[in-house]
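Welcome, and please have your viewer ready with a cartoon view and a selection box. We will go from stop to stop, and at each one I will suggest what to select.

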Amino acid sequence: MKGKGVGVLLVLVGLGLGATVLRDGVPLGAAQQGAAPAQATAPLDEPGAHLQNEQNTIDVVSRFEPGLVFISTEEVVPQDPFAMMFGGGQEEVQRGVGSGFFVNDAGDILTNYHVVAGEGSGGAAAKITVRVMGQEASVPAEVVGLAPQYDLALIRAPGLKKDLIRPIPLGDSASLKVGQKAIAMGAPFGLDFSVTEGIVSSTARQIPIGFGGVSGQGITQKAIQTDAAINPGNSGGPLLDSGGRVIGINTQIYSPAGQGGGVGQSAGVGFAIPIDTARNLLPRLQAAQGGEVNAPDIGIRGGLAVQSRQGLLPVGLSVLSSAGKRQLGLPDQGLVVGQVLPGTPAARAGLRAGTERQQFRGGLILLGGDVITRADGEPVDALEDLQAALIDKKEGDTVTLTVVRGEATREVQLTLDASSFTVRTGQ
């Protein structure tokens, strides 16, 4: 970040191999005057000397760390794309590392999308390899399914020996309590098969996680916050509870910027995607045939947009002035429905798009239709908010929308069907 002030970054914890390993050395201070010297004592090495918590961590690590996977990627990137067009220029190999873990006996490996993503417009890196604990050789891996909007991916290494596949059991992130023990496994700074420990600091921290991918739209998700040390390279690794069950997938850190090269380092605030989100998505990832899996779509498009450098940008009513909303008879916040696609849950539920087009300085709005103000009780002010409410839904699930039309407010229940879920298969 530029400037002299101290900023804060949400940092994806994938890692390029060009990173420098930083060590924090803390000089020992002089003993206070008059303080008595510490008495030397022999270590406690008798059976049972471990604290209960220590022994639990040791047991969890020894049993489940073999299910951790070290992931490496390579991508050939032209240094000057324009020169390459005319037969000149140079290419460089961009490398990255991250983490993952086995989720079943078939060898499916769950990780973050950004760990295996290639450069440019989306898709996976040209070369993905994996290595498991106790093995020196890496094995080529292939993409089973990508979910950029969730920042999740499923890969598999067909050449991996069956006896090396050690699935880690999946837990229940919905029942997590703040203060629970959390064990993070991964490869911080490329130091593979490392373990840190902390607690669950929050169970529903709303942060931007997803990527646009082919669909072009990322999603804000509810993430697990933990103070277990997570650093670049931990991405895609599991966050475990005291029973050794996966409760989340490590993905980002909240990092102070501008302080002596502190960008990208753990500051005790890390985030993990709840395992319930991944579990709901697994069947679709397994059926994706190497393609992309999209988040559920009820079949509407926004009807309020403002001009940006990238063109018209859909926004919520909160960007308009209070006087302007009162003049137009609109609620204080909400998502204006600008289009309802035929044959979708929104169309079957009778949602109505605006038809009266009004332009204003810097944007436009479609009036006369519905405004969605809540989804399953949570406030909605943008398509992103609506997608956040839908992200864990499966086919057959319902969502209840609070809808304002004119002066009337009502609740509308939609059922997600096959039209809400599309898969873009790989080539």
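Which residues lie nearest the centre of the second largest pocket? Select Gln206, Lys222, Ala388, Ile391 and Asp392, and you have them. Keep in mind throughout the tour that this is a predicted model.

**Stop 1: the pocket**

Now widen the selection to the whole lining, which has 23 residues. The space inside comes to about 520 Å³. Colour the secondary structure next: β11 (194-208), β12 (220-226), α4 (275-286), β24 (378-379) and α7 (383-390) each give two or more residues to this lining. Of these, β12 supplies the largest share, with 4 residues. If you colour by class, you should find 11 nonpolar, 6 polar and 6 charged residues around the pocket.

**Stop 2: the helix α7**

Stay with α7, one of the elements lining the pocket, and show its side chains. Leu386, Gln387, Ala388 and Leu390 are buried in this helix. Ala388 is a residue to pause on: it is buried, and it is also among those nearest the centre of the pocket. What covers the buried residues of α7? Select β11, β12, β17 (300-302), β20 (335-340), β23 (371-375) and β25, which are included in that cover.

**Stop 3: β25 and its hairpin**

From that cover, follow β25 (residues 398-405). Its partner is β26 (residues 408-415), which runs antiparallel to β25 and is joined to it by 8 bridges. To check the register, select Thr400 and look across to Gln413, its bridge partner in β26. Then move to the turn, where 2 residues lie between the strands and Gly406 takes a positive phi near 65 degrees.

Back in β25, select Thr402. Is Thr402 buried or exposed? Thr402 has a relative accessible area of 14%, and because the cut-off for buried is under 20%, Thr402 counts as buried. Show what surrounds it: beyond its neighbours within four places in sequence, Thr402 is in contact with Val371, Ile372, Thr373 and Arg374, and also with Thr409, Arg410 and Glu411. The last three belong to the stretch 408-415 of β26, while the first four fall in the stretch 371-375 of β23.

**Stop 4: a four-stranded sheet**

Select β19, β18, β22 and β21 next. In that order the 4 strands form an open sheet with antiparallel pairing. The edges are β19 (311-314) and β21 (356-360), each of which pairs on one side only. Direction ignored, neighbouring strands here are turned by 25 degrees against each other on average. In the middle, β18 (residues 304-308) and β22 (residues 363-367) pair over 3 bridges. Zoom in on Val306 to see Gly363 of β22 standing opposite.

**Stop 5: a loop residue**

For a contrast with Thr402, go to Lys161, in the loop between β9 (152-156) and β10 (181-186). Lys161 is exposed because its relative accessible area of 60% is over the 50% cut-off. Draw a distance from its C-alpha to that of Val139: the two residues are 22 apart along the chain, and the atoms are separated by 9.9 Å.

**Last stop: the whole chain**

Zoom out to see everything together. The chain has 7 helices and 27 strands, and buried residues make up 44% of its 427 residues. Among contacts between residues at least 6 apart in sequence, 67% join residues at least 24 apart.

Methods: Residues numbered from 1 in each chain as written. Predicted model: local features only at pLDDT ≥ 70, side-chain atom pairs only at ≥ 80, totals over all residues. Heavy atoms only, no water. Pairing = 2+ DSSP bridges. Axes fitted to C-alpha atoms, helices over the stretch in contact; angles between N-to-C directions. 1 Å grid on protein atoms, 1.4 Å probe; cavity = no way out; pocket = protein on both sides within 12 Å on 5 of 7 lines; lining within 4 Å. Points joined across faces, edges and corners; volume = space filled by probe spheres on them. Nonpolar A, V, L, I, M, F, W, Y, C, P; charged D, E, K, R; others polar. Buried < 20%, exposed > 50% of the residue type's maximum accessible area, 1.4 Å probe, protein only. Contact = heavy atoms within 4.5 Å.
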